[in-house]
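Please open the model in your viewer and keep the selection tool at hand. The tour below proceeds stop by stop, naming what to select and what is found there.

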Amino acid sequence: MQQNMGYGQHPVFWINQHERPTILTHPSMHPPPPFPNFKRKQRKDGTCVCLLIIFLLVLLALTGVGLGTYKILELQKELDHVKEFSSDVELVPSSEKLIGLNKNSEKKVGRQAAHVTGKESKNLPLVWEDKTGRAFTAGIAYKDRGLVVNETGLHFVYSSIYFRGTDCPTKDLTHIVYKKPLRYPAEMRLMENKEYQTCIPRVIWGRHSYLGAVFNLTSYDVLYVNVSNANLISFDETKTFFGIYKL
């Protein structure tokens, strides 16, 4: 229902309050896009960064393990090579090492030995050469025709006498090694040998007598050598000699 109330030339429309107004739509009109959620995007970006960091750490750890394994294998090869080389060196030691070992053993143990050779003499006990040729003394002294024991213990004592001549002696050829203890006045025989001589007159003959045995000797015991006839001895150092060494 329209009424002209006299308020000018413009018409006035009365609308029922219970009726909704008609909304004009146009086909070109669209609803506005939704507002972006920045929090969700930040979460996704953070997760990707964490995964990337974890991947890099795992890759770095695997690389370290690989390098360590390679180094261990290289060291094992070098160690095997060193072992092979050292075993070969030990099987064939050099002369310098042997000399050094002998020197050290001599310093620790201490050599006690003496070897004296024949020296022309007509008196008894026999006289010996202790300095020249093959003769030597080490830890055991040669004094007044005898060898002086330096330390109590087991000793090997030996003596060689070579008899030769053109005359036939009426007595047997006797060879004796004896000692004079420091606290005992009498002589004590250690070894004795007798050669029953048979020969043809005016023909050169020779007899060899050798004595050797182990004895428990005391410090300052003095050892001597006696024979039945000193004139029949050949004083060649390779045939007539006297010696002792401590075991």
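Begin by selecting strand 1 together with strand 2 (residues 128-129): the two run antiparallel and are joined by two bridges. Within this pairing, Thr117 of strand 1 has Glu129 as its bridge partner in strand 2. Please bear in mind throughout that this is a predicted model.

**Strand 1 and its partners**

Extend the selection to the whole of strand 1, residues 113-118. How many of its six residues are buried? Six of the six are, and the strand is accordingly described as mostly covered.

Next, add strand 3 (residues 136-138), which pairs with strand 1 in the antiparallel sense over three bridges. His115 is the residue to pick here, for its bridge partner in strand 3 is Phe136. Keep His115 selected and turn to strand 11, where Gly243 stands opposite it. Strand 1 and strand 11 are also antiparallel, and five bridges hold this pairing.

Now follow the chain from strand 1 towards strand 2 and stop in the loop between them, where Pro125 is placed. The peptide bond leading from Leu124 to Pro125 is cis, with omega near -5°.

**The whole chain**

Zoom out and colour the model by secondary structure. The protein contains two helices and eleven strands. Read along the sequence, the pattern is α-α-β-β-β-β-β-β-β-β-β-β-β. The protein has 247 residues, of which 26% count as buried. Among contacts between residues at least 6 apart in sequence, 72% join residues at least 24 apart.

**Strand 6 between two selections**

Select strand 6 (residues 153-165) and strand 9 (residues 205-217); they pair in the antiparallel sense over 13 bridges. Within strand 9, Leu211 is the residue that Ser159 faces across the pairing, standing opposite it.

Then replace strand 9 with strand 11 (residues 241-246), which runs antiparallel to strand 6 and is joined to it by six bridges. Here Tyr158 stands opposite Gly243, the residue of strand 11 that also stands opposite His115.

**The open sheet**

Select strands 4, 5, 10, 7 and 8. These five strands form an open sheet in the order 4-5-10-7-8, with antiparallel pairing. Which strands stand at the edges? They are strand 4 (141-143) and strand 8 (188-195); each has a single partner strand, so one side of each is left without a neighbour in the sheet. On average, neighbouring strands of this sheet are turned by 20° against each other, direction ignored.

Inside the sheet, look at strand 5 (residues 146-148) and strand 10, an antiparallel pair with two bridges. Leu147 has Leu223 in strand 10 as its bridge partner.

Between strand 4 and strand 5 lies a loop that holds Asp144 and Arg145. Phi of Asp144 is near 50°, which is a positive value in a residue other than glycine. Arg145 likewise has a positive phi, near 70°. Is Asp144 buried or exposed? Asp144 counts as exposed because its relative accessibility is 60%, and the cut-off for exposed is over 50%. Arg145, with a relative accessible area of 25%, is partly exposed.

**Aromatic rings**

Show the side chains of the aromatic residues. Five aromatic pairs are found in the whole structure. One of them is formed by Tyr178 and Tyr224, which are stacked, at 5.5 Å centre to centre and with 25° between the planes. This pair links distant parts of the chain, since Tyr178 belongs to strand 7 and Tyr224 to strand 10 (residues 222-227), 46 residues apart. Both Tyr178 and Tyr224 are buried. Add Lys180 to the view: it lies over the face of Tyr224, at 5.6 Å from the ring centre.

Move on to Phe156, Tyr158, Phe241 and Tyr245, which ring pairs link into a cluster. Another lysine over a ring can be seen at Lys239, which lies over the face of Tyr162 at 4.8 Å from the ring centre.

**Last stop: His175**

Finally, select His175 in strand 7 (residues 173-180). His175 has a relative accessible area of 0% and is therefore buried. Its side chain makes a polar contact of 2.9 Å with the side chain of Ser209. Leaving aside neighbours within four places in sequence, the residues in contact with His175 include Ser159, Met191, Leu211 and Asn226.

Notes:
Residues numbered from 1 in each chain as written. Predicted model: local features only at pLDDT ≥ 70, side-chain atom pairs only at ≥ 80, totals over all residues. Heavy atoms only, no water. Helix = DSSP H or I, 4+ residues; strand = E, 2+ residues; numbered from the N terminus. Buried < 20%, exposed > 50% of the residue type's maximum accessible area, 1.4 Å probe, protein only. Polar contact = N/O pair within 3.5 Å; in protein donor to acceptor, adjacent residues only side chain to side chain. Contact = heavy atoms within 4.5 Å. Pairing = 2+ DSSP bridges. Phe/Tyr/Trp six-rings, centres within 6.5 Å; stacked < 30°, edge-to-face > 60°. Lys NZ or Arg CZ within 6 Å of the ring centre and 35° of its normal. Axes fitted to C-alpha atoms, helices over the stretch in contact; angles between N-to-C directions.
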